[in-house]
Amino acid sequence: MFVLDLTFDDPRRLAARPAHRARLAELHTAGHLVMAGPWQDDSGALLVFSASRTEMDAILAADPYYSTPGVTVVALRRWSPILGPAPAGTVSRTAAPSGKPGA
């Protein structure tokens with residue numbers, strides 16, 4: 001999984017937002033985007049992806065929002081959650097009924 005951290009500092013980005021949000025909906029439907037949303041103060045956003053590094057590179061390249069004035073990619077970091085839904089193709093880390101870790 002990857003976490004993408006964005007900051008916003010220019011209202012010009014708002015012109016690109018509808019197309020960006022449509023792309024996010026497509027990625028969510030396809031299972032690549034787990035969740036996304038802006039910080040409550042609208043200073044940026046956090047997006048969680050279930051994708052490989054190659055897929056992430058393609059996702060970032062295909063959406064011009066990430067290079068729009070007013071949008072800065074602060075970090076793209078690999079993330080290993082220990083709780084929550086398991087991404088497709090991974091083994092759950094939740095405890096099995098016996099109390100032993102899941103297989």
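Which element gives the most to the lining of the second largest pocket? In this predicted model, the answer is helix α1, which contributes four residues to that lining. The strands β1 (2–8), β2 (33–38) and β3 (44–49), like α1 (17–29), each supply at least two residues. The second largest pocket holds about 160 Å³ of space, and of the 14 residues that line it, those closest to its centre are His20, Arg21, Leu24, Pro38 and Ala45. Sorted by class, the lining consists of eight nonpolar, two polar and four charged residues.

Charged side chains also lead to a second topic, that of pairing. Side chains of opposite charge can pair when their charged atoms come close. The structure holds four salt bridges, and the table includes three of them, with the distance between N and O.

| Acidic residue | Basic residue | N to O distance |
|---|---|---|
| Asp10 | Arg12 | 2.8 Å |
| Asp42 | Arg13 | 2.9 Å |
| Glu26 | Arg23 | 3.2 Å |

In the pair of Asp10 and Arg12, Asp10 counts as buried because its relative accessibility of 19% is under 20%, whereas Arg12 is exposed, with a relative accessible area of 54%.

Asp42 and Arg13 also meet through their side chains. This pair links distant parts of the chain, since Asp42 lies in the loop between β2 and β3 and Arg13 in the loop between β1 and α1, 29 residues apart. Asp42 is partly exposed at 33% relative accessibility, while Arg13 is buried at 5%.

Glu26 and Arg23 are both in helix α1, and because they stand three residues apart there, about one helical turn separates them. Glu26 is partly exposed at 47%, and Arg23 is partly exposed at 26%.

Technical notes:
Residues numbered from 1 in each chain as written. Predicted model: local features only at pLDDT ≥ 70, side-chain atom pairs only at ≥ 80, totals over all residues. Heavy atoms only, no water. 1 Å grid on protein atoms, 1.4 Å probe; cavity = no way out; pocket = protein on both sides within 12 Å on 5 of 7 lines; lining within 4 Å. Points joined across faces, edges and corners; volume = space filled by probe spheres on them. Nonpolar A, V, L, I, M, F, W, Y, C, P; charged D, E, K, R; others polar. Buried < 20%, exposed > 50% of the residue type's maximum accessible area, 1.4 Å probe, protein only.
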